[in-house]
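Visitor: Please take me through one part of this protein in detail. I would like to start inside and work outwards.

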Amino acid sequence: MPTTIDLNADLGEGFGVWRLGDDEAMLGLVTSANVACGFHAGDPALLLHTCRLAAQRGVAVGAQVSYRDLAGFGRRFIDADPDELTAEIIYQIGALQAIAHAAGTDVRYVKPHGALYNTIVHHEEQAAAVAAAVHAVDPALPVLGLPGSAFFAEARRLGLRTVTEAFADRAYRPDGTLVSRREPGAVLHDPLEIAERVAGMVIDGHATAVDGTVIGVSVESVCVHGDSPGAVQIAKAVRDRLASEAVELASFIQARSETPR
């Protein structure tokens with residue numbers, strides 16, 4: 001059983017007057033923040049504010065990269081040319097790097113978002129394109145993703161550190177992939193049920209798939225989606241349940257207590 005585990009959330013996902021989730025409350029609960037980079041959500045002012053809050057609270061900032069799909073919130077597959085996709089991922093990481101630096105922190109890791117995250121589990125060309133982009137920006141940047149994915153295979157081939165992720169509030173298929181949001185029951189809502197499920201993942205290394213199959217789960221970081229209804233309550237319940245098992249919440253990267261420059 002691990003003695004520490006990372007708790008991450010997707011944050012900075014509003015745009016203009018539209019706000020999604022309670023980022024300030026979540027930043028008091030999580031240890032890593034996957035901050036949007038403007039391609040699926042997030043405007044510059046919001047991203048700067050989010051990074052400043054993360055810096056103040058010692059939360060590690062990661063670049064949450066995606067397809068160029070603002071209208072679809074990055075949840076639609078795009079048959080992107082690999083070279084173009086690599087360039088767009090480089091662009092997103094670079095943009096958030098500048099914002100994070102101005103906020104007194106740094107981009108410490110990369111996590112794909114939405115349809116891109118799910119696509120590169122199996123799509124080898126796009127997986128290679130994303131891994132190549134991260135490596136081109138900084139070979140020391142870890143990447144978050146699903147164990148056994150094509151993305152992880154490509155990342156390891158390039159020498160990138162891979163960090164296995166499990167999802168607190170998403171249902172799993174028997175093969176360990178996520179149930180599509182288009183299907184009933186894909187998103188879980190009950191905080192106590194979710195917390196117990198996460199405890200099983202972290203402590204026992206297993207989860208129950210939608211068909212009742214018990215599957216093995218490798219987890220270094222647990223994701224609670226910041227845009228889920230009740231995300232704050234879910235994150236609190238998960239923290240409390242893990243604390244009851246003497247599991248400490250800490251970023252997989254030693255987050256620094258920083259203040260804005």
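**From the core to the salt bridges**

Guide: Start at Leu96. Beyond its neighbours within four places in sequence, Leu96 is in contact with Val35, Ala36, Cys37, Leu47, Cys51, Val61, Gly62, Ala63 and Val107. Keep in mind that this is a predicted model.

Leu96 belongs to the largest nonpolar core, a set of 80 residues. Within that core, Leu96 and Met26 touch the most other members. Helix α8, residues 231-243, supplies the largest share of the core, with 7 residues. A separate, second core has 6 residues, among them Ala60, Tyr109, Phe252 and Ile253. In soluble globular proteins, nonpolar side chains tend to be buried together.

Now look for empty space. The structure has 2 cavities of 30 Å³ or more. The second largest has a volume of about 30 Å³. Its lining is made up of Pro112, Tyr117, Ile120, Val121, Leu144, Gly145, Leu146, Ser149 and Phe151. Sorted by class, 7 of these lining residues are nonpolar and 2 are polar. No charged residue lines this cavity.

For charged pairs, turn to the salt bridges. The whole structure holds 9 of them. One joins the side chains of Arg68 and Glu88, at 3.1 Å from N to O. Arg68 sits in the loop between β3 (60-65) and α3 (82-102), while Glu88 is in helix α3, so the bridge ties together parts 20 residues apart in sequence. The two partners differ in burial. Arg68 is exposed, at 53% relative accessible area. Glu88 is buried, at 13%. The cut-offs explain the labels: Arg68 counts as exposed because its value is over 50%, and Glu88 counts as buried because its value is under 20%.

A further salt bridge pairs Glu183 with Arg173, at 2.6 Å from N to O. Both residues lie in the loop between β6 (162-167) and α7 (191-204), 10 residues apart. Glu183 is partly exposed, with a relative accessible area of 35%. Arg173 is partly exposed too, at 28%.

Next comes Arg241, which forms a salt bridge with Glu245. Their closest N and O atoms are 2.9 Å apart. Glu245 is partly exposed, with a relative accessible area of 28%. Finally, Asp10, Lys111 and Glu165 are joined into one network by salt bridges that share partners.

How values were computed:
Residues numbered from 1 in each chain as written. Predicted model: local features only at pLDDT ≥ 70, side-chain atom pairs only at ≥ 80, totals over all residues. Heavy atoms only, no water. Core = buried A, V, L, I, M, F, W, Y, C linked by side-chain atoms within 4.5 Å. Buried < 20%, exposed > 50% of the residue type's maximum accessible area, 1.4 Å probe, protein only. Helix = DSSP H or I, 4+ residues; strand = E, 2+ residues; numbered from the N terminus. Contact = heavy atoms within 4.5 Å. 1 Å grid on protein atoms, 1.4 Å probe; cavity = no way out; pocket = protein on both sides within 12 Å on 5 of 7 lines; lining within 4 Å. Points joined across faces, edges and corners; volume = space filled by probe spheres on them. Nonpolar A, V, L, I, M, F, W, Y, C, P; charged D, E, K, R; others polar. Salt bridge = Lys/Arg side-chain N within 4 Å of Asp/Glu carboxyl O.
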